[in-house]
Amino acid sequence: MNKNIAIIPGDGIGPEIINEAIKVLDAVGKMYGHTFTYTEVDMGGIAIDKWGDPLPQEMLDKCVASDSVLLGAVGGEKWNIVPGHMRPEKGLLRLRAGMGVYSNNRPAKIWPQLASASPLRKSIVDKGIDFIIVRELIGGIYFGEHKTFEENGEQKAVDVLQYTESEIERIGRIGFETALKRNKKLCSVEKSNVLDSSRLWKSIMIKLASEYPEVTLTHMLVDNCAMQIVKDPSQFDVIVTENMFGDILSDEASMITGSIGMIPSSSLGGTSCGLYEPIHGSAPDIAGKNIANPIGTILSAAMMLRFSFDMAEEADCIERAISVILDKGYRTADILPADENEALACTKIGCSQCGDLIVENLRKE
Ligand code: NAD
């Protein structure tokens with residue numbers, strides 16, 4: 001099969017981790033007889049520097065025309081002073097909206113080899129952490145009107161949070177469908193004790209539940225959910241929530257699994273062309289040092305094979321290779337055990353070595 005992938009290295013560690021994902025994609029393509037071609041796209045700080053725009057229209061067009069998009073990360077201190085509409089992150093929001101990817105799926109799963117890297121107590125981790133957050137991605141407060149103005153002699157800022165019934169229904173369906181494929185438990189998270197948009201959200205989830213009788217639907221307020229994720233994450237199977245709540249909860253969920261560097265994500269809309277990216281940012285503090293963990297990006301590439309290209313075997317092959325290198329004790333700096341004795345039993349590796357080891361350990365089953 002031939003597939004054209006739009007590649008967005010972006011800023012900070014973006015180019016380093018993307019290089020490793022391409023290495024792995026090329027190796028898997030060779031093993032299974034596929035050809036992956038890559039179209040490089042500028043987005044974020046690099047696009048601001050080159051084109052004066054975080055996502056020029058022709059760059060967005062390249063993404064929409066591709067079979068799928070693989071993104072590193074964007075942003076950095078250098079661009080923090082540019083006006084809001086020109087920030088690197090605006091490029092990302094425009095990309096998501098332009099591709100129409102309204103559903104962001106982030107697995108929070110602990111790799112058994114990394115259980116000791118979780119900041120949670122062993123007794124909590126031992127109960128198991130394996131859930132998915134389905135986050136609405138192109139609506140809500142991030143896409144509402146933003147303005148700052150003067151009123152009664154002081155500055156006032158307004159950000160509008162709005163959702164339509166149809167926006168909630170389409171993400172609700174993804175939540176129910178995802179639960180159907182897993183343990184059939186869906187928790188809808190909102191703030192219906194305060195927000196109108198959340199009351200509408202909850203009522204639509206209740207309406208949809210009658211179409212999915214096999215799924216057990218529960219409701220949770222977002223503040224309680226933040227607490228429950230650290231108190232007893234084993235209770236969750238699928239969480240469905242709106243954009244900003246999902247943004248915050250999924251970072252929290254990533255941390256309890258050990259490292260933000262391990263978590264992939266997929267964003268899909270009405271077509272098979274998806275956007276795949278690790279959930280972390282551009283990590284400027286470690287950029288250019290060859291110490292970033294590329295596994296979140298490599299797992300994102302595996303998700304692309306599974307969900308957009310229907311290549312489940314190839315995706316399994318990548319995930320197995322990652323498990324093997326973890327079994328062998330290879331660790332990037334972020335996932336080295338904190339305990340000195342445990343760390344001694346591991347081999348510390350850099351970003352490019354991590355990619356090479358994954359390639360070396362790719363095996364067909
Ligand atoms: P971050 O995720 O970049 O970094 C948080 C911490 O995690 C840092 O200590 C970093 O070194 C570490 N980390 C992140 N990824 C890692 C990896 N793969 N391997 C090892 N360690 C890793 O978040 P931040 O520092 O809040 O943001 C930095 C920049 O990234 C900001 O400009 C922010 O706006 C941007 N950002 C971009 C995205 C995106 O492109 N999707 C997402 C979040 C933040």
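How many residues surround the ligand, and which of them are the closest? In this model, which I should say at once is a predicted one, the number of residues that surround the ligand is 20, and the closest are Val-74, Glu-89, Gly-281, Ala-283 and Asp-285. If we sort that shell around the ligand by class, we find nine nonpolar, seven polar and four charged residues.

Let me go through some of the polar contacts one at a time. Glu-89, which I have just named among the closest residues, places a polar side-chain atom 2.3 Å from an oxygen atom of the ligand. His-280 also takes part through its side chain, where a polar atom lies 3.2 Å from a nitrogen atom of the ligand. With Ala-283 the backbone is involved, since a polar backbone atom of Ala-283 is 2.8 Å from an oxygen atom of the ligand. As for coverage, the ligand on its own has 810 Å² of accessible area, and the protein covers 68% of it.

I turn now to the aromatic rings. The structure holds four aromatic pairs, and I will describe two of them.

One of these is the pair of Tyr-163 and Trp-201, which is edge-to-face, with 6.0 Å from centre to centre and 65 degrees between the planes. This pair links distant parts of the chain, given that Tyr-163 belongs to the loop between β7 (154–159) and α6 (165–181), while Trp-201 belongs to helix α7 (residues 196–209), and the two are 38 residues apart. Tyr-163 has a relative accessible area of 10%, so this residue counts as buried, and Trp-201 is likewise buried, because its relative accessible area is 2%.

The other pair I want to show is Phe-176 with Tyr-212, whose ring centres are 4.7 Å apart and whose planes are at 10 degrees, and the pair is therefore stacked. Here too distant parts of the chain are linked, with Phe-176 in helix α6 and Tyr-212 in the loop between α7 and β9 (216–221), 36 residues apart. Both Phe-176 and Tyr-212 are buried.

Finally, there are charged side chains placed over rings. Arg-170 lies over the face of Tyr-102, at 4.2 Å from the ring centre, and Lys-364 has its charged end over the ring of Tyr-32, 4.8 Å from the centre of that ring. To return to where I started, the closest residues around the ligand include Glu-89 and Ala-283, and I would ask you to keep in mind, when looking at these distances, that the model is predicted.

Terms used
Residues are numbered from 1 along each chain as its sequence is written. This is a predicted model: local features need pLDDT of at least 70, side-chain atom pairs count only at pLDDT 80 or more; totals for chains, interfaces and linings use all residues. Side-chain values use heavy atoms; hydrogens and water are left out. A residue is near a molecule or strand if one of its heavy atoms lies within 4 Å of it. A polar contact is a pair of N or O atoms within 3.5 Å; within protein, one must be able to donate a hydrogen and the other to accept it, and residues adjacent in sequence count only if both atoms are side-chain atoms. Accessible areas come from the Shrake-Rupley method with a 1.4 Å probe; for residues, only the protein chains shown count as cover. Ala, Val, Leu, Ile, Met, Phe, Trp, Tyr, Cys and Pro count as nonpolar, Asp, Glu, Lys and Arg as charged, and the others, Gly among them, as polar. Rings of Phe, Tyr and Trp (its six-membered ring) pair if their centres lie within 6.5 Å; planes under 30 degrees apart count as stacked, over 60 as edge-to-face and the rest as tilted. Helices (H or I, at least four residues) and strands (E, at least two) are DSSP runs, numbered from the N terminus. Buried means under 20% relative accessible area, exposed over 50%, partly exposed in between (1.4 Å probe, protein chains only). A charge sits over a ring if NZ of Lys or CZ of Arg is within 6 Å of the ring centre and within 35 degrees of the ring normal.
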